Amino acid sequence: MFVCLGNICRSPLAHGIFQQLVDEAGLSARFEIASSGTGAWHVGEPPDRRMRQTAQRYGVQLDDLRARRFEVPDFDAYDHIYVMDRRNLQDVRRLDQAGRYGAKVQLFRDFDPEPEDGQVPDPYYGGEKGFETVYSIVERTCQRLLDHLVEEHDLASGSEV
Ligand code: 4NP
């Protein structure tokens, strides 16, 4: 589960790129991939047009995704919850009132080989360049994340059923 604020820019991009990498690796049956936002402003909407266009240029389709909110049942439904920035981390942790799910929640950029401040910058109020920057961060981080999960869950020999 990839989480950002609006679920229309960063987390749907991670969702789409990661799904594509998993499909290409023949591991689709081993993953349940989702994305959501901590805020409800854009629920039901497709990803931001600028994010869809940037992804499309790199061959990634986000058109069928629809924004939804992160909800408490997601803590049980998903094994790993990757958040895009520290505000998301704080907001998701606040929903975990009994503090049971801390180990599942972590910054997505923990897997980035060039993590900078550990956060994916929010491109929503910026220009086109911000979307390119987000794309390159999310693409390289998704690749490392998949490598990590294949190792952690011993998926290397797994193939489609
Ligand atoms: P995201 O970007 O969290 O990457 O989807 C945003 C989209 C919308 C808003 C904020 C961030 N908003 O305030 O509407």
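**The ligand and its surroundings**

Mentor: In this predicted model, an oxygen atom of the ligand lies 3.3 Å from a polar backbone atom of Asn7.

Trainee: Which side chains have an N or O atom close to a ligand oxygen, and at what distance in Å?

Mentor: His42 is one of them: an N or O atom in its side chain is 2.7 Å from an oxygen atom of the ligand. For Asp122, the distance from a side-chain N or O atom to a ligand oxygen is 3.2 Å.

Trainee: And how much of the ligand does the protein bury?

Mentor: The protein buries 94% of the 350 Å² that the ligand exposes when taken alone.

Trainee: Where does the ligand sit?

Mentor: Its place is the second largest pocket.

Trainee: Which residues surround the ligand?

Mentor: Cys4, Leu5, Gly6, Asn7, Ile8, Cys9 and Arg10 surround it, together with His42, Asp122, Tyr124 and Tyr125.

Trainee: How does that shell divide into nonpolar, polar and charged residues?

Mentor: Six residues of the shell are nonpolar, three are polar and two are charged.

Trainee: A change of topic, then. Where is Ile17?

Mentor: Ile17 belongs to helix H1, which covers residues 10-24.

Trainee: Is Ile17 buried or exposed, and why?

Mentor: Ile17 counts as buried because its relative accessible area is 4%, and the cut-off for buried is under 20%.

Trainee: How far apart are Ile17 and Pro47?

Mentor: In sequence, Ile17 and Pro47 are 30 residues apart; in space, their C-alpha atoms are 13 Å apart.

Notes
Residues are numbered from 1 along each chain as its sequence is written. This is a predicted model: local features need pLDDT of at least 70, side-chain atom pairs count only at pLDDT 80 or more; totals for chains, interfaces and linings use all residues. Side-chain values use heavy atoms; hydrogens and water are left out. A residue is near a molecule or strand if one of its heavy atoms lies within 4 Å of it. A polar contact is a pair of N or O atoms within 3.5 Å; within protein, one must be able to donate a hydrogen and the other to accept it, and residues adjacent in sequence count only if both atoms are side-chain atoms. Accessible areas come from the Shrake-Rupley method with a 1.4 Å probe; for residues, only the protein chains shown count as cover. On a 1 Å grid over the protein atoms alone, a cavity is a set of points where a 1.4 Å probe fits but cannot get out, and a pocket is an open set with protein on both sides within 12 Å along at least five of seven lines; lining residues have an atom within 4 Å of a point. A molecule sits in a cavity or pocket if more than half of its atoms lie within 2 Å of its grid points. Ala, Val, Leu, Ile, Met, Phe, Trp, Tyr, Cys and Pro count as nonpolar, Asp, Glu, Lys and Arg as charged, and the others, Gly among them, as polar. Helices (H or I, at least four residues) and strands (E, at least two) are DSSP runs, numbered from the N terminus. Buried means under 20% relative accessible area, exposed over 50%, partly exposed in between (1.4 Å probe, protein chains only).
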